[in-house]
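Hi,

Here is the structure I said I would pass on. Have a look at it first, then read my notes underneath.

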Amino acid sequence: MTEARRWWTRRRIGLAVAIAATVAIVGTLGYFWYASLVPATYSVMDMGFVDAGGGPGGGAHNHGGTSVSDLKGPEGTPAVAVTLTARSQSFALASGEKVRGFTLNNSSPGPTIQLTEGDLLEVTLVNESVDEGITLHWHGVDVPNAEDGVPGVTQDAVPKRGRYVYRFRAEHPGTYWYHSHQVSHDQVKGGLFGALVILPKTAPQPAATAATDLVAPVHTYEGRRTIAGRTGVQRVDASPGSQVRVRFVDTDSGTIRVSVTGAPYRLVAIDARDVHGPTDVTDRAVRIAAGGRSDLAITTPPDGSAVRLDVGAGAALVIGRAGAAAPPARDLDATLDPLAYGSPAPIGFATDSPDRRFEMRLGRRAAFLDGRPGLWWTINGKLFPDVPMYVVREGDIVLMTISNSSGQVHPMHLHGHHAVVLSRNGTAASGSPWWTDSLDVDDGDTYVIAFRAENPGIWMDHCHNLPHAADGMVTHLAYEGVTTPYVVGGRSDNEPE
């Protein structure tokens, strides 16, 4: 064989190897691309795989049984009836700046709904001009499942010119909020939300008493951070020695920090659950997870000076006598740790022998998601929609270990339930029972939480950094024997995140 022929032979072999390698790579990528495609219409009942947490019911997904549509709120004459009309429009913030987004009754935040413990609430949602449809989720309120407002899981999205009625009883006093759960990463950011406050029937304990009660949803509109829709520093008149309760609601997708200057404060409630035995704090900020709420109680100084509460980005409340000088802005480095704040109290159930033990490992990896290449969030190493369906029975005591190795913080929100934090990174809780429905899990942290399964349904459990949820950090808690007739996508274009 001549040298030229050998050269051509080697070249043909090399070319064939290169073609074969290219076909293998393209074929593999094509397979992963195709396998990642999410159906345009699907039921959450058919997502992923069942995780029974060591209890019964570890077989196939629920089919048949009780429908979520039957798990409705009570009948009867409502004590409070509200109509909320959703619009897509330009509007002015309370402080005057013009923005483009969404409103409820021509404003954002929408109207604050105030109830008394035991009241039956009826809310009629009217969609006047939101093209994508809308629902309302009652964040932190452990409503009956059919009232939870999750499109494709508990109802269909309300189309433009449509309406929908929610009914539930105000059973637990505290600070809550409501927001759209349809295309929520866009609609909540754009303004479809409002606060909801349930007052106790009887007078609260002295530590939680407030002569002035301020509702303070924190939201960022087009780069402008606001408190109750106002940018900048807001003055609130209060006479010297007044007791003031400030109900902070984090409606953004990131953590906020509240720094208090000018007087001690007490953290009297977290996520609508009272702190047992709160004590004065002077040198630490309060951290609030996305979706979370913190109620702070302060007493204005008897000398007539003012108290300042900063939430960052130039937004603050100054509370005190009219004309009193505002203390300088302060951003405290140290943060109050709820794990050790307050004094211990019974939680109402034993956690040493739970009926279910679940793991939720939050991570991230390179992959395709719905045909898109990128770095995507994972749950237990799996990409959406191949994620766990955590299955329980009514009455179960549940322990869940949540760990995060994703590189970012995730504010995890379980619908329909409050959980108590038992430990963080192996350190047991030593203060007041820390009940939460929106828990910041930092990168590298591991939490153990517990709850009693006592609200049957199909419940979302997702990151409340809403773009993270839209990119797949979503799973569900399902009660055995409960199913849903609704589908994601479908004729109603249900898009819960």
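Below is what turned up, starting with the aromatic rings and ending with one valine.

One thing to keep in mind: this is a predicted model.

Let's begin with the rings. A pair of aromatic rings is described by the distance of the centres and the angle of the planes. The count here comes to 11 aromatic pairs. Tyr42 and Phe384 make up one such pair, with 6.4 Å from centre to centre and 65° between the planes. Why is that pair called edge-to-face? Because planes over 60 degrees apart count as edge-to-face, and these two are at 65°.

Where do the two partners sit along the chain? Tyr42 is in the loop between helix H1 (3-36) and strand E1 (49-51), while Phe384 is in the loop between strand E23 (372-379) and strand E24 (388-392). That puts them 342 residues apart, so the pair links distant parts of the chain. Tyr42 has a relative accessible area of 16%, and Phe384 also comes out at 16%. Buried means under 20%, so Tyr42 and Phe384 both count as buried.

There is an aromatic cluster to find as well: Trp138, Tyr164, Tyr166, Phe168 and Tyr178. Elsewhere on your ring tour, look for Arg364, whose charged end sits over the ring of Trp377, 4.1 Å from its centre.

Last stop: Val143, in the loop between strand E7 (137-139) and strand E8 (163-169). Val143 is buried, at 1% relative accessibility. Beyond its neighbours within four places in sequence, Val143 touches Trp138, Asp148, Phe168, Asn455 and Trp459. Trp138 and Phe168 also belong to the cluster above.

Cheers

Definitions and conventions
Residues are numbered from 1 along each chain as its sequence is written. This is a predicted model: local features need pLDDT of at least 70, side-chain atom pairs count only at pLDDT 80 or more; totals for chains, interfaces and linings use all residues. Side-chain values use heavy atoms; hydrogens and water are left out. Rings of Phe, Tyr and Trp (its six-membered ring) pair if their centres lie within 6.5 Å; planes under 30 degrees apart count as stacked, over 60 as edge-to-face and the rest as tilted. Helices (H or I, at least four residues) and strands (E, at least two) are DSSP runs, numbered from the N terminus. Buried means under 20% relative accessible area, exposed over 50%, partly exposed in between (1.4 Å probe, protein chains only). A charge sits over a ring if NZ of Lys or CZ of Arg is within 6 Å of the ring centre and within 35 degrees of the ring normal. Contact means heavy atoms within 4.5 Å.
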